[in-house]
Amino acid sequence: MRTRAAALALAALALPLGFLIPTTTPAASPLPDSQDPATVGPLFVDAWPASDAAKRGKAAYEANCIGCHGPEGLGDGGAAAWLDPKPRNFQKGYFKFRTTASGQLPTEDDLFRTITKGLPGSSMPGFPLVAEGTRRDLVAYVLHLAAFGKGQAHARYLMDEEGASAKDVAGARLSEIAGRVHADQFDGRKRIPVGDAPAATPDVLARGASIFKQQCASCHGTTGRGDGGSSYTLRDWQEAEIRPRDFTSGTFRSGNSARDLFIRMRSGLNGTPMPAAVSEPDADVWAVVLYVMSLKQPGTIPATRRMGAEGGN
Ligand code: HEC
Ligand code: HEC
């Protein structure tokens, strides 16, 4: 159940943003939202149907991730209290760094990249030395926990709204629930289409600067330092304070190529006030991306062709 404070916080996040839509709430879905960490549901994580990869991933998870992400992936490991930002709660299903549309789960490749490279500027380390197959298994286990979180919420819904018994949802109806979660959350994932970055001509950068001033400066600040007027009031879905990125640092959590930032703009960062640019023409999104890239060294023209082609970190 959502508290009044949380409801107010969510309402506050729905800022009037022109072409941008807030990504705090996932796109309309027939399944209810996943539970908050404090709530307990009728299902048990170990009883949730797991692929062989997810079963193998569990051991690797316990060896490498549990201290931050917690035993059941609720983001409540022993180190979590000291970390800002907090480790992700996988059961909630809000993933920030995706190539999929706002509100959707990430692809396997998105998670593979995060686990391999880490998230610079946060305490999430990369695990390039863990064998590739094991990293793939870790991906499967993270998605297993995300699916479980959704299943838990659906099971609670069936109990609260349709009078199903706890025994039924955890037993006879478990595979039906799992099937529903997979059809709803996994089959519908779509990659954001991305073309080639245009050259960062002075005209394009000027266009980007003007969009930035209108759409981004209130949070990211007029010079991109992350110190805009509303930057100190922002909260993520857990009501933790969250600061907009400082673009003069040049550090991005999930890749710093033009292509990466284009996808970031289109996808938004689920669970944060950072909105998704869903309907703006590609040319405008590229313009603002190239402008953002120029803020590391104001007045310079970023080498977009090279960075755009790499598409990596
Ligand atoms: C030292 C603590 C720490 C460890 C160990 C750690 N993580 Fe994280 N992880 C974090 C933090 C903090 C974040 C959130 C960063 C943010 O919000 O930008 C995070 C975020 C993530 C995300 C979310 C990416 C997204 O798109 O939102 C994934 C997936 C993830 N971690 C997987 C793992 C896996 C798998 C392991 C073990 C192999 C692991 N992490 C180990 C701290 C940790
Ligand atoms: C309502 C406030 C808000 C607005 C408006 C906003 N952002 Fe953000 N933005 C954020 C926050 C908060 C973060 C940091 C999220 C996090 O750390 O998880 C962020 C992060 C980012 C990132 C970093 C992604 C990464 O990989 O590290 C980029 C790029 C970005 N914003 C670009 C923009 C651009 C361009 C605009 C305007 C078109 C914009 N933002 C508008 C709040 C905002």
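A polar contact is taken here as a pair of N or O atoms within 3.5 Å. In this predicted model, one such pair joins K96 to ligand 2, a polar side-chain atom of the lysine lying 2.7 Å from an oxygen atom of the ligand. The side chain of K96 also reaches ligand 1, where an N or O atom is placed 2.7 Å from an oxygen atom of that ligand. K96 accordingly appears in the description of both ligand sites, being listed among the closest residues to ligand 1 and among the closest to ligand 2.

The site of ligand 1 may be described from the metal outwards. The iron atom of ligand 1 is coordinated by NE2 of H69 and SD of M124, at distances of 2.0 to 2.2 Å. The site has six donor atoms, and with angles of 87 to 179° among them it is classed as octahedral. Because H69 belongs to helix α3 whereas M124 is located in the loop between α4 and α5, the two ligating residues tie together parts of the chain that are 55 residues apart in sequence. For six octahedral donors, the ideal angles at a metal are 90 or 180 degrees.

Around ligand 1 there are 25 residues, of which C65, C68, H69, K96 and M124 come nearest. By residue class, this shell comprises 16 nonpolar, five polar and four charged members. Beyond the contact made by K96, a polar side-chain atom of H69 is found 2.8 Å from a nitrogen atom of the ligand, and a polar side-chain atom of R253 is likewise 2.8 Å from one of the oxygen atoms of ligand 1. The space that ligand 1 takes up is the second largest pocket. Two or more residues of the surrounding shell are given by each of α3 (66–69), α4 (108–117) and α5 (132–162), and the greatest contribution is that of α4, with three residues.

The site of ligand 2 can be set out in the corresponding order. Here the iron atom is coordinated by H220 through NE2 and by M274 through SD, at 2.0 to 2.1 Å. The arrangement is octahedral because the six donor atoms around this iron subtend angles of 87 to 180°. H220 is part of helix α9 (residues 217–220), and M274 falls in the loop between α10 (258–267) and β2 (276–277), so that this pair connects parts 54 residues apart in sequence.

Ligand 2 is surrounded by 27 residues, the closest being K96, C216, C219, H220 and M274. This shell divides into 18 nonpolar, four polar and five charged residues. In addition to the contact from K96, an N or O atom in the side chain of H220 lies 2.8 Å from a nitrogen atom of ligand 2, while a polar backbone atom of S254 is 3.4 Å from an oxygen atom of ligand 2. The space occupied by ligand 2 is the largest pocket. At least two residues of its shell are supplied by each of α9, α10 and α11 (282–294), with α10 giving the most, namely three.

Two features of the backbone may also be noted. Most residues other than glycine have a negative phi, and most peptide bonds are trans. Against this background, the peptide bond leading from D84 to P85 is cis, its omega being near 0°, and P85 is situated in the loop between α3 and α4. E239, a residue other than glycine, has a positive phi near 70°, and E239 is placed in the loop between α9 and α10.

Definitions and conventions. Residues are numbered from 1 along each chain as its sequence is written. Chains are lettered from A and ligands numbered from 1 in the order in which they are written. This is a predicted model: local features need pLDDT of at least 70, side-chain atom pairs count only at pLDDT 80 or more; totals for chains, interfaces and linings use all residues. Side-chain values use heavy atoms; hydrogens and water are left out. A residue is near a molecule or strand if one of its heavy atoms lies within 4 Å of it. A polar contact is a pair of N or O atoms within 3.5 Å; within protein, one must be able to donate a hydrogen and the other to accept it, and residues adjacent in sequence count only if both atoms are side-chain atoms. On a 1 Å grid over the protein atoms alone, a cavity is a set of points where a 1.4 Å probe fits but cannot get out, and a pocket is an open set with protein on both sides within 12 Å along at least five of seven lines; lining residues have an atom within 4 Å of a point. A molecule sits in a cavity or pocket if more than half of its atoms lie within 2 Å of its grid points. Helices (H or I, at least four residues) and strands (E, at least two) are DSSP runs, numbered from the N terminus. Ala, Val, Leu, Ile, Met, Phe, Trp, Tyr, Cys and Pro count as nonpolar, Asp, Glu, Lys and Arg as charged, and the others, Gly among them, as polar. Donors are N, O and S atoms within 2.8 Å of the metal (3.2 Å for Na, K and Ca); water is not among the atoms, so sites may look incomplete. Four donors count as tetrahedral if all angles lie between 85 and 135 degrees; four count as square planar and six as octahedral if opposite donors are over 155 degrees apart and all others between 65 and 115; anything else is irregular.
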